[in-house]
Amino acid sequence: MTEFIRNAWYAVCWSDELGVTPQSRQILGENLAVYRTANGVPAAVEDCCPHRLAPMSLGFVNGENIVCGYHGMEFDRDGFCESIPGQKNIPRKARIRTYPAVERYNLIWAWMGEQKETDDELIPDVHWLDAPGWTTVTGSTRYECNWLLLVDNLLDLTHTTFVHQSTIGTEDVANTPITTEFSGERVYVVRDMKNTAPSNLYKRIGGFDGRIDRWQRIWLEPPSVVVIEAGAIPAKCDRDGADREYNGFDTRVLSMLVPVDERTVEQIWAFARNTELDDAHLDVDIQKALELTFKEDADFLAGQQINMERHPHKQMLNNTADAGVVKTRRLIERWIADDLRRAGAADL
Amino acid sequence: MTEFIRNAWYAVCWSDELGVTPQSRQILGENLAVYRTANGVPAAVEDCCPHRLAPMSLGFVNGENIVCGYHGMEFDRDGFCESIPGQKNIPRKARIRTYPAVERYNLIWAWMGEQKETDDELIPDVHWLDAPGWTTVTGSTRYECNWLLLVDNLLDLTHTTFVHQSTIGTEDVANTPITTEFSGERVYVVRDMKNTAPSNLYKRIGGFDGRIDRWQRIWLEPPSVVVIEAGAIPAKCDRDGADREYNGFDTRVLSMLVPVDERTVEQIWAFARNTELDDAHLDVDIQKALELTFKEDADFLAGQQINMERHPHKQMLNNTADAGVVKTRRLIERWIADDLRRAGAADL
Amino acid sequence: MTEFIRNAWYAVCWSDELGVTPQSRQILGENLAVYRTANGVPAAVEDCCPHRLAPMSLGFVNGENIVCGYHGMEFDRDGFCESIPGQKNIPRKARIRTYPAVERYNLIWAWMGEQKETDDELIPDVHWLDAPGWTTVTGSTRYECNWLLLVDNLLDLTHTTFVHQSTIGTEDVANTPITTEFSGERVYVVRDMKNTAPSNLYKRIGGFDGRIDRWQRIWLEPPSVVVIEAGAIPAKCDRDGADREYNGFDTRVLSMLVPVDERTVEQIWAFARNTELDDAHLDVDIQKALELTFKEDADFLAGQQINMERHPHKQMLNNTADAGVVKTRRLIERWIADDLRRAGAADL
């Protein structure tokens, strides 16, 4: 049984994808109907009406309430039933589970844990999505694998040398050892490449015609957001000086992972950059490159998942490049243990 | 484990759908090969040859016999093997299970229970299908749900207000309380709407331009036929007088439910009316309206089934409009208990 | 649980289907990556990298080695890891399972058993595939059934009368009793038809305009190759004299069965003939006839498999024509018992 961190915020979809028409989403194996009320407030309920168990995502919004589309039971924002067609008395137990939902950074987030543990401070920091000086290309990709395999994949970019040669990979990535840093409950995986050839995507973004310095710093923001801080500057320029802004660039590849169930994960992704902000052609090229890149990963991850299921007792053999992956997995185990403890406390 | 009533007749298909070419059908989780003999007599055998377990539905009819299409074993109407290619002695145990089959009301029916319990008196009464003074539009719809959910759906038309607004639903259906009557081993669910707006379908059939009186009386005919007796007349006309035939009309919506397995049900349906008997345009419009109507239901019922399976211990919350549904479910439980007792007796 | 004979050679694919790009194949429920090295040598490894369990079939060949396409681990022909990107020390346990592979008779074969039991003498004799004086039409067909059902099917051609009337079946096949011979660990199923009508395919090959003598001799070559030795000559000619070559012909229908898993089998098939060697039109006609023929079988076998799974305790009823099938099944049981004993010995 795979475990999830339940007392946490998960991205549900992009802000502009949500309207008054309810949508069905599966997160951590639970089914939600997500929607906006007439006032535009994001909301989420269990996708199951207490009356006959019909999906609420086939229903409709009435003001600030949601109505089951099968027999018309209507629930307010706290999940209490407000009306039943042809019936005067509303039983107290006619209630549906609601999920706290908020809108931040152009995303809709849902709290999957105990209601009373809800804490807005815990929304993962992905402020580059709507920060001045940055522009963003977005998309989403579905993987037929457990979410932890995708965390591994995004933390260890060694694979880009082999899997993504046409977009972001170069010979030097795999050959450059990583270092890891532990700080403030985060494991940072760092790879610095000096005087290296640029990848195709970096040539396109930076207009480089010679060798570059290139850096990557990656970490997992709980519960399931991977931040890749990466950038480049022509070789021998001063990375930390004023030169950087003029000749180099910075990017953030943000992956808001949504564990759908134990063998499926949705990656809501964004590529933010601080250069060429108004270049629509560049947007299109980045979009294509990232869609291809993640699709290439999806084949490997689906294959890993199948092999894991076929050989449940097979241990993975860790290489030195896996140091960041291994340390992050240990961190996740601790978060899950903390989460279970919190759920236990909530039960008292 | 869902239970079925086995000692009973189930509709297999419409008469004109069956010829000498065997067809494969699944009923109550059992696989049948159904066909007509050369004389046109409907017949059904287990879809599994005793020789190598090949499907008999891939075979062919030879006179009054059916022949396995794999190695040519031939069985008579009682299931006894009559010939084996290249072999003189026919072992007594070379026999296939047969199912009693009859043709009535333009339908083929199969008896799914103990052979010796077969009783033609138990064929559900749906005489409107070939009665003088009535004309019928027919079709069939498959639902990815247990048959009991479809029984519920057809007994409680409250949902038409929400699900079928474009065809048969109106605001007043959900708002009009039902009554239930118990008589002769049947539960009747009754809803009378006086001085109400006609639905789109009723406008089309009755040519109404004002308000109407509208009535519904629904019951389950064992094992799995739902009869909806419904009609309308302009408001303030005398429903029970001579006026009715001239200004109003009567309909029967007949649903011969075929439980395919525990999570699939086929609805062989007919809409019979006693008005505008020769209006082919009306036939087409009714056909379209009913196909749309049942397809709308199918989405809700598939969703209910998924939710039931995800939450096996979740109880449904009954509203007052569910009185007919609840009482009929209790009746079905008794029929199933009776059926098990009969099966037990047959085993002695 | 179906059993397989593991210490044996299985056909993987035709020689010309294999190049340096690794391919994924499932045999006896195990997943292999098969490929040729730069030198053209056929090779096979477990389709699972010991590092992160990614499929090796998504990797690539480097000289005589195979490289995992995810993070670049490289393995030599014995399965030992030779390099890990960005890492100097290679742990001894970094090793992948290899499968012995050879090329013979235009086929690639893999040994699925204990490495040290590998024995080239055990490659099934299908020398007609590249013997002078013979020409061959080839193909492959997938069946949704256990491999034993396909063995039964190929050993007992009674079914051709019913299933393959348009290609190879005639009335007389089913009506002519078979005999069986046991010799040298093989069961031979023999059917001789004198003065019989030719099938459509035989008319096409032999140009017969009258009655013929026709013979069939069929056996299973372990572990899973079925050889059908068959031919025809105009009736009353001397089958064993010089006439045969001039007026008659011989064929071998060779079925290299690959049990994919317990409910799937791949048939790599060839139709070899010793007549009209250069007739390309005849090749095309034979190809079409055999593809149709095996597709006809596939429907019956899939139906059998479903019935076997639905009725796990149902015994098949054997007819006299099943004598060869029954004796061969007994032989297979002994081979499987021997195989288990060999595996046990290898474990010591």
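**Exercise 1. Strand 13 of chain A.** In this predicted model, work out how many residues of strand 13 (residues 179-183) of chain A are buried, and then find how strand 13 of chain A pairs with strand 14.

*Solution.*
- Start with burial: strand 13 of chain A is hardly covered, and the count of buried residues among its five residues is zero.
- Next, look for the partner. Strand 14 (residues 186-196) of chain A runs antiparallel to strand 13 of chain A, and the two share five bridges.
- Pick one bridge to fix the register: A:T179 has A:V190 of strand 14 as its bridge partner.
- Finally, check the connection. The two strands of chain A, 13 and 14, make a hairpin with two residues between them. In that turn, A:G184 shows a positive phi of about 55 degrees.

**Exercise 2. A residue in strand 14.** Decide whether A:T196 is buried or exposed, and list what A:T196 touches.

*Solution.*
- Place the residue: A:T196 sits in strand 14 of chain A.
- Count around it. There are 20 other C-beta atoms within 10 Å of A:T196, so this residue is buried. The cut-off for buried is 20 or more.
- Now the contacts. Skipping residues up to four places away in sequence, A:T196 touches A:T170, A:D172, A:R211, A:I212 and A:R214.
- For a sense of distance, try A:D278, which is 82 residues from A:T196 along the chain. Their C-alpha atoms are separated by 28 Å.

**Exercise 3. Chain A as a whole.** Find how many helices and strands chain A has, and judge its compactness from the radius of gyration.

*Solution.*
- Tally the secondary structure: chain A has seven helices and 18 strands.
- Compare with the globule rule, which gives 20 Å for 348 residues; the radius of gyration of chain A is 22 Å, close to that value, so chain A is as compact as a globular protein of that length.
- Box it in along the principal axes: the C-alpha atoms of chain A fill roughly 80 × 50 × 35 Å.
- Check burial. Of the 348 residues in chain A, 45% count as buried.
- Last, look at contact range. Take the contacts in chain A between residues at least 6 apart in sequence: 57% of these join residues at least 24 apart.

**Exercise 4. Symmetry.** What rotation lays chain A on chain B, and what rotation superposes chain C on chain B?

*Solution.*
- Begin with A and B. A turn of 120 degrees, with a shift of 0.2 Å along the axis, lays chain A on chain B with an RMSD of 0.1 Å. That's the relation of a three-fold axis.
- Which residue of chain A comes closest to the rotation axis? By C-alpha, A:E309 does, at 14 Å.
- Move on to C and B: a rotation of 120 degrees with 0.1 Å of shift along its axis superposes chain C on chain B, RMSD 0.0 Å. In chain C, the C-alpha nearest the axis belongs to C:E309, 14 Å away.

**Exercise 5. Interfaces.** Describe the residues that chain A and chain B bring into contact, then do likewise for chain C and chain B.

*Solution.*
- For A and B, 18 residues of chain A are in contact with 22 residues of chain B. The chain A side splits into 10 nonpolar, six polar and two charged residues.
- For C and B, 22 residues of chain C are in contact with 18 residues of chain B.
- Ask which helices contribute. Helix 2 (160-163), helix 3 (171-175) and helix 6 (280-310) of chain C each supply at least two residues of the side touching chain B. Helix 6 of chain C gives the most, with six residues.
- Sort that chain C side by class: nine nonpolar, 11 polar and two charged residues.

**Exercise 6. Core, helix and sheet.** Find the residues with the most contacts inside the largest nonpolar core, then turn to helix 1 and the four-stranded open sheet of chain C.

*Solution.*
- The largest nonpolar core has 278 residues, and A:A110, B:A110 and C:A110 have the most contacts inside it.
- Zoom in on one copy. Leaving aside neighbours within four places in sequence, B:A110 has contacts including B:Y10, B:V12, B:I27 and B:L32.
- Now helix 1 (residues 147-155) of chain C: eight of its nine residues are buried, among them C:W147, C:L149 and C:D152.
- For the sheet, the strand order in chain C is 2-3-4-9, with antiparallel pairing. Strand 2 (23-27) and strand 9 (98-99) of chain C are the edges, each pairing on one side only.
- In the middle, strand 3 (residues 30-36) and strand 4 (residues 42-46) of chain C pair over five bridges; one of these links C:R36 to C:P42.

Definitions and conventions. Residues are numbered from 1 along each chain as its sequence is written. Chains are lettered from A and ligands numbered from 1 in the order in which they are written. This is a predicted model: local features need pLDDT of at least 70, side-chain atom pairs count only at pLDDT 80 or more; totals for chains, interfaces and linings use all residues. A residue is buried if 20 or more other C-beta atoms lie within 10 Å of its own, exposed if 12 or fewer, and partly exposed in between; C-beta atoms are placed from the backbone. Two strands pair if DSSP finds at least two bridges between them. Copies are superposed by least squares on the C-alpha atoms of residues with pLDDT of at least 70 in both. A nonpolar core is a set of buried Ala, Val, Leu, Ile, Met, Phe, Trp, Tyr and Cys residues joined through C-beta atoms within 7 Å. Two residues are in contact if their C-beta atoms, placed from the backbone, lie within 7 Å. The radius of gyration is taken over C-alpha atoms; the globule rule is 2.2 Å times the number of residues to the power 0.38. Ala, Val, Leu, Ile, Met, Phe, Trp, Tyr, Cys and Pro count as nonpolar, Asp, Glu, Lys and Arg as charged, and the others, Gly among them, as polar.
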